[in-house]
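Here is a walk through one protein chain, with its rings and one acidic residue as the main stops. Keep the structure open as you read.

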Amino acid sequence: MFINFMKINKNYLFILLFFYYQPVLKSQEQILEKKSDLYIENGILQFDYTIIPLSGGGSIDLLGTHYLHKLNDWLYLGLGFNAPLFKGNYGGFMTFDLGLHAQHDISDDLYINAGTALGGGGGGSSVAKSSELSGTGGFIKSYIGVGYKITQNLSLGANYNYYKFKNSQINNTQFGVFIQTPTSYITSSYSNSSKPVRPRYNYPSKDDSMFTYEMNNIVQINPTGTNKEIINTIAMQYSHFITDNTYLFLALEVGYKGRPLYNQFIHGIGYRSLISSQVNLYSQLGIGSGGYSPNDIDTGPGLLIYPKATLEYSVSKKMGVALSGGYLFAPLGTSKNYTLGLALNYHPNKREKRSSRLDNLTYTGFRVDVFNQTEFDVKINNKKHKNIQLLSVQITNLINDYIYMTIHSNVAYTEFLGYPGYGELLAGVGIQNKYSKSDNFQNFFQVLIGTNVQSMIVKPSIGTNYSINERYAIYGQIGKTLSIGTDKSSSFDANNIGIGITYRFSID
């Protein structure tokens, strides 16, 4: 179980490919409506908490947020974020991981679980000390443990964990606790994208989800750290409505100017107030972790609290523009900030309250790409840099058969300029050929704009999805990463190539 990090490195992704291509077992209760290709997909949302002793003394605590996608009766593919809250002085430390999770019931209420994950990220009490804490940024996590089901929708458990960051102070075993809740959602075949929705029993009548892309500004109030600038960020948020107007959300935010690669990961709850037929007010409260390094921006151990309000004007049934304002503060540090942002809200399945009639409603196609990306021929400020290896996730929403929007996030598991924690956050548009069951290739060209630690960047690429079946495909792409709007003293220039897997589906 406790695998040596050096032995897996890039090859870990291809182990994941092997398991992920195995057919997903479909029991009769999973098949909602076979004739119309509707399925219930299942997964687990897990929050875990671990305090990790450091070899140099002290400790760091990590809160993990993970989505575990069910592959068969016992195996899951997991994506997760980890960040500190209360221990030490490591605000801004953050990791992303990709792994396999196994879980098996041993009674009606008791189950065992085990898993392993590879990830990247990093941080430290200062930029200079980040390499001591995080090494090169790549890490391996393995665990085994037991859980108890309190109710059908909630379980608690404990795991024995092993964390190892390459060449760092984190290399230890310890116990941690976790909370799990099952999730499910209705999907249809990818080929149904843009086709009319077929009626089904008890059709839901609420706005199920919302994607937000925001250009935000964090205005520091009497900062005590060395950085005193306004921090310009890119923020991406996913909101899921649990009632007609109450929603839960996850948000990732990364700086591109003022403090490039400032980062924060926030979760919380919000409420939508309907002001008029075209105007909505969103009020939300978020709790999470973030910063850069406490010497630079004093978020202390990382804990953030973020109340925020957003006023949205609907320009179409599925698109809205919004202004936001908030107050972001670190209760265990000195960082206090006002925020002001401009955002686009996209409602992929917005529908008005009505009967089960589905007039003019069509399925919307989605792709989730998980892949290893290599930045090669890298030049930083016109100086050569060794290759950068990244774990990448891309979520694509089809506008129609030929045009799509996508968001892209990645994190390196190798060092950048001698330090851990390189990453990119981007969004953009692409064009593709229409999907056909008779053609194994669906080719695309896309242009993404976002940020890395150096500056704003643009990332054009071409690639293909080669069908394994309608739901799964091999993902491949090649492209370029270039700085924009910056001088030569902070430039980034690289070619990139990626290979991995794609999960495809559509929703109404």
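**Rings, charges and a lone acid**

Start with a cluster: ring pairs connect Tyr185, Phe211, Tyr238, Phe366, Tyr472, Tyr503 and Phe505. The model is predicted. Aromatic pairs number 23 in a search of the whole structure.

Two further pairs deserve a look. Phe241 and Tyr247 make a tilted pair. Their ring centres are 5.3 Å apart, and the planes meet at 50 degrees. Tilted is the label because that angle falls between the stacked limit of 30 degrees and the edge-to-face limit of 60. Phe241 and Tyr247 are both buried.

Phe444 and Tyr475 form a stacked pair. Here the distance is 5.7 Å centre to centre, with 20 degrees between the planes. This pair joins distant parts of the chain. Phe444 belongs to strand 23 (residues 441–451). Tyr475 belongs to strand 25 (residues 472–484). The two residues are 31 residues apart. Phe444 is buried, and Tyr475 is too.

Now step back to the whole chain. Its secondary structure consists of three helices and 26 strands. The chain has 508 residues, and 56% of them count as buried. Among contacts with a separation of 6 or more, 62% come from residues 24 or more positions apart.

Rings also meet charges in this model. Arg259 lies over the face of Tyr292, 3.9 Å from the ring centre. Arg367 places its charged end over the ring of Tyr404. In that case the distance to the ring centre is 5.1 Å.

The last stop is Glu253, in strand 12 (residues 246–257). Which side chain of opposite charge is nearest to Glu253? That side chain is Lys308, 5.7 Å away. A salt bridge requires a side-chain nitrogen within 4 Å of a carboxyl oxygen, so Glu253 has none with Lys308. Glu253 is nonetheless buried.

What does the side chain of Glu253 join through a polar contact? The partner is the side chain of Asn216, at 2.9 Å. Asn216 also appears among the residues that Glu253 touches, leaving out those up to four places away in sequence. The rest of that list is Ile218, Thr233, Ile234, Ala235, Tyr262, Asn263, Gln264 and Tyr306. To sum up this site, Glu253 is buried without a salt bridge, and its side chain makes a polar contact with Asn216.

Terms used. Residues are numbered from 1 along each chain as its sequence is written. This is a predicted model: local features need pLDDT of at least 70, side-chain atom pairs count only at pLDDT 80 or more; totals for chains, interfaces and linings use all residues. Side-chain values use heavy atoms; hydrogens and water are left out. Rings of Phe, Tyr and Trp (its six-membered ring) pair if their centres lie within 6.5 Å; planes under 30 degrees apart count as stacked, over 60 as edge-to-face and the rest as tilted. Buried means under 20% relative accessible area, exposed over 50%, partly exposed in between (1.4 Å probe, protein chains only). Helices (H or I, at least four residues) and strands (E, at least two) are DSSP runs, numbered from the N terminus. A charge sits over a ring if NZ of Lys or CZ of Arg is within 6 Å of the ring centre and within 35 degrees of the ring normal. Lys and Arg count as positive and Asp and Glu as negative; His and the chain ends are not counted. A polar contact is a pair of N or O atoms within 3.5 Å; within protein, one must be able to donate a hydrogen and the other to accept it, and residues adjacent in sequence count only if both atoms are side-chain atoms. Contact means heavy atoms within 4.5 Å.
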